[in-house]
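Me: I am new to this structure and would be grateful for a close look at a single part of it. Please set that part in the context of the whole chain.

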Amino acid sequence: MKKIFLSGLAALLCATALTASVSAHKDFKSWGDVPKTATKITLDGKLDEVYNEGLIVNVNLADDGKTGTATGKAYFVWADDGLYCAVEVKDPDICAIDESKNAWEQDGIEITYDWANDGSTRHKWMIHYDGTVVKAGDATVEAIEAKATKTADSYIIETKAALPDGVKTGSGIGINILIDDMTDDNSVRTIVRSAQSAGAGENDVANFDYISLSDKEVGNETAPAAADTDTAAAPATADLSVIAALLAAASGAVVVSKKRR
Ligand SMILES: [Ca+2]
Ligand SMILES: [Ca+2]
């Protein structure tokens, strides 16, 4: 009787776990809040300092059974002039661009935004490691700017997408990011995903989770040292109290040493 109860309980727990994992993307979970940058981003294919204060997402889950080993990190911040996404990719085998192949069969990244966050539109761009932009779905090439830099075994693609009307603080934006990692002389394609988009597919925006444009501000320059002149009296007061404290401590120390004798 007890055995039956326990196996029933185990089955129930399994069923609950399965339901949770299958329905993950239907629940439209947030990847996190994207802060607004007060420091202007330079769109040059290099990581501005302020990206370290942005929303950062690992893109490192490769398709099983493929030869690609690329991993990446996506950084998001936003400003009034657009949503910035920079992806730094470590790819030990960057293959030459092959124009005879499809846009998704080149080393590079894919970014998809569903600006309304309702699964109705698919603004997707495939951006090769050299910064070439190829649009897909409802996207236009003009809607995104991309710059890229490359080293022997890594590249950074920095993008700025203009915010459509109505997208503002508090807006959710359906999101998918992946890396196309070509290997074996550009013949094998490995898709590398983030944990958040694993299982969401490449094009089914109805399954995508989202990011949120936060009112949290980052990158603010620290206030200039005007306090030095405006509050000149304050340090003097502080100095006196520090001296008083030191004197008190010193006299205390004398008392203690007397007691120890
Ligand atoms: Ca930059
Ligand atoms: Ca590659």
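In which strand does Glu145 lie?

Reply: The model shown here is predicted. Glu145 lies in strand E8, which covers residues 144-150.

The surroundings of Glu145 may be considered next. Leaving aside residues up to four places away in sequence, Glu145 touches Leu43, Thr159 and Lys160. One of these, Lys160, is 15 residues away from Glu145 along the chain, and the C-alpha atoms of Glu145 and Lys160 are separated by 5.2 Å. As for burial, Glu145 has 16 C-beta neighbours inside 10 Å and therefore counts as partly exposed. The reasoning rests on two limits: a residue is buried with 20 or more such neighbours and exposed with 12 or fewer, and partly exposed in between.

The chain as a whole supplies the context. The chain contains 3 helices and 12 strands, and strand E8, with Glu145, is one of the elements in it. The chain has 261 residues, of which 32% count as buried. Where contacts join residues at least 6 apart in sequence, 63% of them link residues at least 24 apart.

Other strands of the chain show how the pairing is arranged. Strand E2, residues 55-62, pairs with strand E3, residues 71-79, in the antiparallel sense, and 5 bridges connect them. Within this pair, Ile56 stands opposite Tyr75 of E3, while Val57 stands opposite Ala74 of E3.

Strand E2 is also joined to strand E11, residues 188-194; these two run antiparallel and share 3 bridges. Here Leu61 has Arg193 of E11 opposite. Strand E2 thus has both E3 and E11 as antiparallel partners.

Strand E3, in turn, pairs with strand E4, which spans residues 82-90, again in the antiparallel sense and over 9 bridges. Lys73 has Glu88 in E4 as its bridge partner. A hairpin of 2 residues leads from E3 to E4. Taken in order, the pairings therefore connect E11 with E2, E2 with E3, and E3 with E4.

To return to the part requested, Glu145 belongs to strand E8, counts as partly exposed, and has Leu43, Thr159 and Lys160 among the residues that it touches.

Terms used. Residues are numbered from 1 along each chain as its sequence is written. Chains are lettered from A and ligands numbered from 1 in the order in which they are written. This is a predicted model: local features need pLDDT of at least 70, side-chain atom pairs count only at pLDDT 80 or more; totals for chains, interfaces and linings use all residues. Two strands pair if DSSP finds at least two bridges between them. Helices (H or I, at least four residues) and strands (E, at least two) are DSSP runs, numbered from the N terminus. Two residues are in contact if their C-beta atoms, placed from the backbone, lie within 7 Å.
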